[in-house]
Every structure is written in structure tokens, then in C-alpha cells.
Amino acid sequence: MPDSTIKPQTKAKPKVERPKLYKVILVNDDYTPREFVVRVLKAEFRMSEDQAAKVMLTAHQRGVCVVAVFTRDIAETKATRATDAGRAKGYPLLFTIEPEE
Ligand code: TYC
């Protein structure tokens, strides 16, 4: 028999904050080969060839392009790894992060 005498008086109200999100931004330069930028975007951000080519071209034409949005730790890690991949080859390829409004 169900015991109806032990009902909670009030509803639990969990306080859940949404984590702040950060954009990873690809910055254009004059030296990194286009194919290398595409390769890094595919490897680090799991993009298709098409997606990566579009993002690379947008940065090439406009100076910067938003690659993706993540929580702070993940955005920092990915931007650092992608920038380091360029540095390892002697390229000035740069990924930065910026908080979302
Ligand atoms: N501008 C580079 C070139 O002409 C290609 C490039 C594109 C480099 C985007 C960086 O974020 C970048 N070889």
C-alpha cells in the first residue's frame, strides 16, 4: 500500500548555472599554407574537408573566423593545441579564444 503521508512539502529546486562559453577564433596570417590550416581544423576540431575549407577561407578573406564554441577549459586546450601544431612546423598560425556575449 503506498504511503501518502511522506510526501515532500516543497519541490526541490536545483540551482544549475550554465557554464560560460568561449569562441575559438582562427586568425589569418600571410605564411601558413592553406592546406595546413585545413588539416589542423580537421584534426583538432573534427571538421569535414568542406567545413574546414570554408572556415579557412573566411579567415583568409576577413582576417578572422569563429571556429567553434566550447566551455573555457576545452576552448583553451583546443586553441593551444592547434596553435602549437603550426608552431611545430615553423608557422605563425594562431587560434585565440574570446568569451561569448
Ligand atoms: N593566408 C594564408 C595564405 O594565403 C592562408 C591562411 C588562411 C592562413 C587562414 C591562416 O587563419 C589562416 N597562405
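# Briefing: salt bridges, a helix and a surface patch

Lysine 42 forms a salt bridge with glutamate 49, and their closest N and O atoms are 2.5 Å apart. The model is a predicted one. In total, six salt bridges are counted. Lys23, Glu98 and Glu101 are linked in a network of such bridges. This briefing starts with the charged pairs, then turns to helix α1 and the surface.

**The pair Lys42 and Glu49**

- Side chains of opposite charge can pair when their charged atoms come close.
- Lysine 42 is partly exposed, because its relative accessible area is 33% and the partly exposed class runs between 20% and 50%.
- Glutamate 49 is also partly exposed, with a relative accessible area of 45%.

**Lysine 23 and its network**

- Lysine 23 lies in strand β1.
- Is lysine 23 buried or exposed? Its relative accessibility is 13%, so lysine 23 counts as buried, since buried means under 20%.
- Lysine 23 forms a salt bridge with glutamate 98, with the closest N and O atoms 3.2 Å apart.
- That pair links distant parts of the chain: lysine 23 is in strand β1 and glutamate 98 is in strand β3, 75 residues apart.
- Glutamate 98 has 35% relative accessibility, so it counts as partly exposed.
- Lysine 23 forms a salt bridge with glutamate 101 too, and here the closest N and O atoms are 3.2 Å apart.
- Glutamate 101 sits in the segment after β3 and lysine 23 in strand β1, so this pair ties together parts that are 78 residues apart in sequence.
- The side chains of lysine 23 and glutamate 101 also make a polar contact at 3.2 Å.
- Glutamate 101 is exposed, because its relative accessible area is 84% and exposed means over 50%.
- Which residues does lysine 23 touch, not counting those up to four places away in sequence? They are Val66, Ala68, Val69, Thr96, Ile97, Glu98, Pro99, Glu100 and Glu101.

**Helix α1**

- Helix α1 has twelve residues, residues 34-45.
- At 1.5 Å a residue, helix α1 should span 16 Å. The expected span is 1.5 Å times one less than the number of residues.
- The end C-alpha atoms of α1 are 16 Å apart, which agrees with the expected span.
- Which residues of α1 are buried? They are Phe36, Val37, Val38, Val40, Leu41, Glu44 and Phe45.
- Those buried residues pack against β1 (21-27), α2 (49-62), β2 (64-71), α3 (72-88) and β3 (94-99).

**Arginine 46, just after the helix**

- Arginine 46 comes just after α1. Its place is in the loop between α1 and α2.
- The phi angle of arginine 46 is near 50°, a positive value in a residue other than glycine.
- Arginine 46 is exposed, because its relative accessible area is 76% and the exposed class is over 50%.

**A nonpolar patch on the surface**

- Leu21, Val66 and Val69 make a nonpolar surface patch of about 200 Å².
- Valine 66 is found in strand β2.
- At 42% relative accessibility, valine 66 counts as partly exposed.
- Val66 and Val69 of the patch are also among the residues that lysine 23 touches.

Notes
Residues numbered from 1 in each chain as written. Predicted model: local features only at pLDDT ≥ 70, side-chain atom pairs only at ≥ 80, totals over all residues. Heavy atoms only, no water. Helix = DSSP H or I, 4+ residues; strand = E, 2+ residues; numbered from the N terminus. Buried < 20%, exposed > 50% of the residue type's maximum accessible area, 1.4 Å probe, protein only. Contact = heavy atoms within 4.5 Å. Polar contact = N/O pair within 3.5 Å; in protein donor to acceptor, adjacent residues only side chain to side chain. Patch = residues over 30% accessible without salt bridge, like charges linked within 9 Å, V, L, I, M, F, W, Y side chains within 5 Å. Areas by Shrake-Rupley, 256 points an atom, 1.4 Å probe, with all protein chains shown as cover. Salt bridge = Lys/Arg side-chain N within 4 Å of Asp/Glu carboxyl O.
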